[in-house]
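Me: I would like to go through a structure with you, starting with the ligand. Could you take my questions one at a time?

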Amino acid sequence: MSVLVRAGVGLLSAPARAVIPCLWRGKYFSSGKEPAENNPVTPMLRHLTYKIKSTGPITVAEYMREVLTNPAKGYYVYHDMLGEKGDFITSPEISQIFGELLGIWFISEWMATGKSAAFQLVELGPGRGTLAGDILRVFSQLGSVLKNCDISIHLVEVSQKLSEIQALTLTEEKIPLERNAGSPAYMTGVTKSGIPISWYRDLQDVPKEYSFYLAHEFFDVLPVHKFQKTPQGWREVFIDIDPQVSDKLRFVLAPCATPAEAFIQRDETRDHVEVCPDAGVIIQELSQRIALTGGAALIADYGHDGTKTDTFRGFCGHKLHDVLIAPGTADLTADVDFSYLRRMVQGKVASLGPIKQQTFLKNMGIDVRLKVLLDKSDEPSLRQQLLQGYDMLMNPRKMGERFNFFALLPHQRLHGGSRQMNAHESKPSPSPVAGFGELVWR
Ligand SMILES: C[S@@+](CC[C@H](N)C(=O)[O-])C[C@H]1O[C@@H](n2cnc3c(N)ncnc32)[C@H](O)[C@@H]1O
């Protein structure tokens, strides 16, 4: 399909990237009606039919949770699904520039908020560790700026397979599982550039210290509940066994109201909605932490601002895949509802965005960075790869308009007063937040 090349150019050399993929996960797809013969009986399908026969139909949220993160058979737990040979591709896997600009964002926020003596970089769902690797390369290159700052890396990851790959990417070592049962981290090590790094299964386990949080294509894999408006009111969508065809699943509507209906807004005007309570819990936790200790969170994902309806879809081998077919062999995802994330902040911190990826990366200086890399490269295939990667990230018909950036910041970051003032100083005016306005270096 495509050739791997080594992007070893420019000020910051980076590992090889896949050339342009067939499909990214931002495309819209609704569950189709695959014929039964295309439905192999996977171990996950057997597990789910047993569960449904024992306790009745399950919610879409329970289905997603089981299929993606069941500790024994979950799709994310033992798969490496990213990249050319996997099921889908993500921005950091397409271009090194993506992670480099995010690295600059964190340094810019660290500087704007008074250059704390230490910070944690916490990434939720780090995939193959590529994004964290690109960010750490920027931190190393800007070592003179960060030289008096103690940085540590904290990865929140449920996948055993991916955490092994992340360890190899970031530390070049295979890290054994932590033996100390009292430790909140399940793996610990040191990155190639000498920074302490730890892995956790849950955000709750990460130390509550001054942190910058990052979640790229993480919220879209969290389980959603789906609801359909009917003449009798809202009804939740469940998954049941098709009585006509053995080993086939189908969607059904609950006969009466279910507790999850409480998540639907009173003034909701759509006739189908998806709600992700897990996303709400994580946003509340991030907001509380940032309000308590400072720092910021940067969330990037495909999504909408409370306008879309049925976005639940599957991916397998870079193709759209019916969500109910061969569960456990394909990725499942739903667009992130940023209006819901904003509501879940509950005023504890300020939020910015969502803004389009194209605008965010432009504001972060992607054009200048591309030019530097192109000027340094005389290999035609490499130049072509850089240009194709740029087009994929920025083109409004590709990832440029489907992906969004959203940030959480302490209130004082936007209203001034984030650094200590002496009695003679007046309240400093806050610098603009990079990406959400044009980047200003001071
Ligand atoms: C779609 S991948 C995105 C990977 C990476 N951020 C990127 O953009 O390339 C989702 C990531 O979230 C992890 N993940 C999924 N559900 C999770 C959960 N409940 N808690 C922690 N990590 C989870 C997956 O194992 C994977 O690393």
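Me: How far is the backbone N or O atom of G127 from an oxygen atom of the ligand?
Reply: The separation is 3.0 Å in this predicted model.

Me: And which ligand atom does the backbone of G125 approach?
Reply: A nitrogen atom of the ligand, which lies 2.7 Å from a backbone N or O atom of G125.

Me: What about T90, side chain or backbone?
Reply: The side chain of T90 places an N or O atom 2.6 Å from an oxygen atom of the ligand.

Me: How much of the ligand's accessible area does the protein cover?
Reply: On its own the ligand has 590 Å² of accessible area, and the protein covers 93% of that.

Me: Which residues around the ligand come nearest?
Reply: There are 20 residues around the ligand, and the nearest are T90, G125, G127, E157 and H216. The space that the ligand takes is the largest pocket.

Me: Turning to the interior, which residues touch the most other members of the largest nonpolar core?
Reply: That core has 63 residues, and the ones with the most such contacts are Y63, F219, I283, L286, L341 and L408.

Me: What does L408 touch?
Reply: Leaving out residues up to four places away in sequence, L408 touches several residues, including I283, L286, I290, V345 and V349. Two serines, S287 and S351, are also among them.

Me: Which residues belong to the second core?
Reply: The second core is separate and has 61 residues, among them I94, I107, L155 and L370.

Definitions and conventions
Residues are numbered from 1 along each chain as its sequence is written. This is a predicted model: local features need pLDDT of at least 70, side-chain atom pairs count only at pLDDT 80 or more; totals for chains, interfaces and linings use all residues. Side-chain values use heavy atoms; hydrogens and water are left out. A nonpolar core is a set of buried Ala, Val, Leu, Ile, Met, Phe, Trp, Tyr and Cys residues joined through side-chain atoms within 4.5 Å. Buried means under 20% relative accessible area, exposed over 50%, partly exposed in between (1.4 Å probe, protein chains only). Contact means heavy atoms within 4.5 Å. A residue is near a molecule or strand if one of its heavy atoms lies within 4 Å of it. A polar contact is a pair of N or O atoms within 3.5 Å; within protein, one must be able to donate a hydrogen and the other to accept it, and residues adjacent in sequence count only if both atoms are side-chain atoms. Accessible areas come from the Shrake-Rupley method with a 1.4 Å probe; for residues, only the protein chains shown count as cover. On a 1 Å grid over the protein atoms alone, a cavity is a set of points where a 1.4 Å probe fits but cannot get out, and a pocket is an open set with protein on both sides within 12 Å along at least five of seven lines; lining residues have an atom within 4 Å of a point. A molecule sits in a cavity or pocket if more than half of its atoms lie within 2 Å of its grid points.
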